[in-house]
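Colleague: I'm new to this one, could you walk me through it? Please spell out the terms as you go.

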Amino acid sequence: MSSQTPIRCSVVRGGTSKGLYFRAEDLPLDRPTRDAVLLAAMGSPDIREIDGMGGGHPLTSKVAIVQKSQRLDADVDYLFLQVWPDRAEVSDNQNCGNLLAGVGPFALEEGLLPISGEVTPVGIWMENTQSLAVARVQTPNREVRYDGDAQIDGVPGRSAPIPIEFLDIAGSTCGSLLPTGNAVDVVEGLRVTCIDNGMPVVCIRAADVGLTGYEEPAEIESNRSACDKVEQIRLAVGPLMNLGDVTTKTVPKISLLAPAKDGGTVATRTFIPKRVHEAIGVFGAVSVATACLVPGSVANEVSGVTGTNGETTLTIEHPSGYFGVTLDVGLDDGSVSVNSAALLRTARLLMRGEVFVPSSVWSLDDH
């Protein structure tokens, strides 16, 4: 028996993240073995992930598992897994909208659905949040196109655009758009807004934790007083957001807000949850943008957005630039309902082949 087991996979940049994409059929069925295989594939736990494919950072230590869907409203099912570089943990308690951007191209490259024209819509059932997204992938000449004119902040160069529409993601993790039932709560002495429109997020004024909201991520991470206060609040709001004890969970995210500095709607610095994001996550941006439209919320106060009904586009500033989110919302007597959210991402297939893990972790001869 060989000392290593090959597993076919692709390396794809999705949005501002990068990860390994697998077909579900190529991984172990039982979760403990699957997680052990993914840890070995990434080289975790090790902060450099030197003995695997991980990049030593949460944004480059991600996994997408894709399979043909049995649902009538979706083409494929997508499960996102966060593999932590610094500990032997594989988490499925959040979604990832960046890796989502690579699911459509991956599914088409793998033949999980046929190419249908110049642009192929791919219905994606997001298993983590039990919700649906539709990604529109450019497929001229019956091939996935990766080059193009679309540019997203946080990624060099330009690529083919992948518009993504999210349907019915409000409250997908916490049970409701405003999990506490309030636009504002006072937690650990600070005014916060708890929201879940695809990602549980807690919005806090950066000034309330002693920051401007314009610092670089490394500068914030070096400020132990601010980081400790942020984590204190995160732990306290977990039960309030129907998430229970979040000590070892990746949600909720904390987004520190400041008035827009470069012409956007609001400036953000987001904890994910212990590191500070170099940009902002897709669903994190959607939740922050939604919070800006909730009358009386912390985000609404900081951004100064006035009442909006129907479709509107908000620009979320982050350390690497901007993130545009288009929301279709309804306002009724101060209450916000979200009909849909849409945004633009890009993706690129980087490598396709086999990743090797020690056969002591998983031997195909035993299955």
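Modeller: To begin with a term, helices (H or I, at least four residues) and strands (E, at least two) are DSSP runs, numbered from the N terminus. With that naming, Asn300 has its place in helix H6 (residues 298-303). This is a predicted model, in which local features need pLDDT of at least 70 and side-chain atom pairs count only at pLDDT 80 or more, whereas totals for chains, interfaces and linings use all residues. Residues are numbered from 1 along each chain as its sequence is written, and side-chain values use heavy atoms, with hydrogens and water left out.

Colleague: OK, is Asn300 buried or exposed?

Modeller: Asn300 counts as buried, because its relative accessibility is 14%; buried means under 20% relative accessible area, exposed over 50%, and partly exposed in between, with a 1.4 Å probe and protein chains only.

Colleague: And what does Asn300 touch?

Modeller: Leaving aside neighbours within four places in sequence, Asn300 is in contact (heavy atoms within 4.5 Å) with Ala291, Cys292, Val294, Pro295 and Val305. In addition, a polar atom of the Asn300 side chain lies 3.4 Å from the backbone nitrogen of Gly296.

Colleague: Switching to Asn197, where does that one lie?

Modeller: Asn197 lies in the loop between strand E10 (190-196) and strand E11 (200-205), and at 0% relative accessibility Asn197 counts as buried. Its side chain is joined to that of Thr290 by a polar contact of 2.9 Å. A polar contact is a pair of N or O atoms within 3.5 Å; within protein, one must be able to donate a hydrogen and the other to accept it, and residues adjacent in sequence count only if both atoms are side-chain atoms. Leaving aside neighbours within four places in sequence, Asn197 is in contact with several residues, among them Ile169, Leu177, Phe283 and Val338.

Colleague: How many disulfides does the structure hold?

Modeller: The structure holds zero disulfides, a disulfide being a pair of cysteine sulfur atoms within 2.5 Å.

Colleague: Why is there no bond for Cys203?

Modeller: The closest cysteine sulfur to that of Cys203 is in Cys292, and at 7.1 Å it is too far for a bond. For Cys227 the closest cysteine sulfur is in Cys203, 18 Å away, which is also too far for a bond. Cys203 counts as buried at 0% relative accessibility, and Cys227 counts as buried at 7%.

Colleague: New topic: what about helix H1, how enclosed is that?

Modeller: Nine of the 12 residues of H1 are buried, so H1 is largely enclosed by the rest of the structure. Those buried residues include Val37, Leu38 and Leu39, and the buried residues of H1 pack against several strands, including E1 (4-14), E3 (62-68) and E17 (347-358). Just after H1, Gly43 takes a positive phi of about 85°.

Colleague: Last one, how many cavities are there?

Modeller: There are two cavities of 30 Å³ or more, and the largest cavity has a volume of about 210 Å³. On a 1 Å grid over the protein atoms alone, a cavity is a set of points where a 1.4 Å probe fits but cannot get out, and lining residues have an atom within 4 Å of a point. Grid points are joined across faces, edges and corners, and a volume is the space filled by probe spheres set on the points. The largest cavity is lined by 21 residues, and those nearest its centre include Gln94, Lys253 and His277. H5 gives the most to that lining, with three residues.

Definitions and conventions
On a 1 Å grid over the protein atoms alone, a cavity is a set of points where a 1.4 Å probe fits but cannot get out, and a pocket is an open set with protein on both sides within 12 Å along at least five of seven lines; lining residues have an atom within 4 Å of a point.
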